[in-house]
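This report looks at salt bridges. Please keep the sequence and the model in view while reading.

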Amino acid sequence: MITITASIIAALLVLALGHVAFTIYPQSAIAMARHNLFNLRDELFDLGAQGKLNFKSPGYKATRQLINGLIKYAHDVSLMQIFTTKLIMKARKQRITSVKDWEKAINALSKEERKYVDDIYRKAMVHMVRLLITKSVLLTSALGVFLVLGGCVMAMQRSAKAVASALSRAREGKAPAADRDEIYRAVLAKRTGKKFKRFVTGEARRYSTPGFGSQLAMA
């Protein structure tokens with residue numbers, strides 16, 4: 001009787017952990033990414049309200065449409081979705097959705113306006129690559145292992161005083177978010193990261209195209 005009860009409890013625990021890992025955890029990552037993207041869209045609006053960007057300019061509209069597309073795409077983005085979409089595009093001899101009109105609109109902005117828009121774009125891509133990783137338990141685990149190993153190597157290279165200082169800051173929770181985002185920015189700077197940015201930007205355009213949802217449902 002005890003064995004049966006223990007087996008049932010163990011099975012329920014496995015199911016609960018599976019639900020957390022493959023349902024609740026990914027959904028929380030999506031919710032967080034969308035929250036950050038909504039905040040980024042508010043930041044873009046504030047730039048317009050402050051007169052730093054013109055609400056009516058094609059560059060402002062293109063950037064806003066990009067963020068809206070990323071908000072919609074956040075639910076679907078994953079390594080599997082990227083690989084599958086690329087395979088389908090290759091089979092159909094299609095290319096990534098063109099964003100030349102967006103690029104043209106943004107390039108037409110003044111140097112100062114372009115600086116603001118580029119900053120928003122970089123932040124948006126950081127949110128998306130973070131979502132790609134944190135949405136997957138496997139990728140998150142791989143990143144954790146990478147950070148632990150990297151931390152060990154850095155610890156060996158530093159002096160005892162520097163290590164003690166870093167540990168003290170970590171215990172006090174003073175590590176700034178910007179430093180944590182360095183990892184994602186480093187990923188985006190690589191060749192694979194640049195391809196990811198092009199693909200995600202193309203998907204944002206596709207997802208923000210009027211009627212795309214209906215087309216997807218009929219596919």
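The sections below cover the salt bridges of this predicted model.

## Overall count

The whole structure holds seven salt bridges. Among them are two pairs in helix 5 and one pair in helix 9.

## Helix 5: arginine 114 and aspartate 118

Helix 5 runs over residues 111-134. Within this helix, arginine 114 and aspartate 118 sit four residues apart, about one turn. Their side chains form a salt bridge, with N to O at 3.0 Å.

Both partners are partly exposed. Arginine 114 has a relative accessible area of 29%. For aspartate 118 the value is 25%.

## Helix 5: lysine 123 and aspartate 119

A salt bridge also links the side chains of lysine 123 and aspartate 119, at 3.3 Å from N to O. These two residues are four positions apart in helix 5, so about one helical turn separates them.

Lysine 123 is partly exposed, at 31% relative accessibility. Aspartate 119 is partly exposed too, at 28%.

## Helix 9: arginine 206 and glutamate 203

Helix 9 spans residues 191-207. Here arginine 206 and glutamate 203 are three residues apart, about one turn of the helix. Their side chains meet in a salt bridge of 2.6 Å, N to O.

Arginine 206 is partly exposed, with a relative accessible area of 24%. Glutamate 203 has a value of 1%. That is under the 20% cut-off, so glutamate 203 counts as buried.

## A shared network

Some salt bridges share partners. Through them, Glu43, Asp119, Arg122 and Lys123 join into one network.

Technical notes. Residues are numbered from 1 along each chain as its sequence is written. This is a predicted model: local features need pLDDT of at least 70, side-chain atom pairs count only at pLDDT 80 or more; totals for chains, interfaces and linings use all residues. Side-chain values use heavy atoms; hydrogens and water are left out. A salt bridge is a side-chain nitrogen of Lys or Arg within 4 Å of a carboxyl oxygen of Asp or Glu. Buried means under 20% relative accessible area, exposed over 50%, partly exposed in between (1.4 Å probe, protein chains only).
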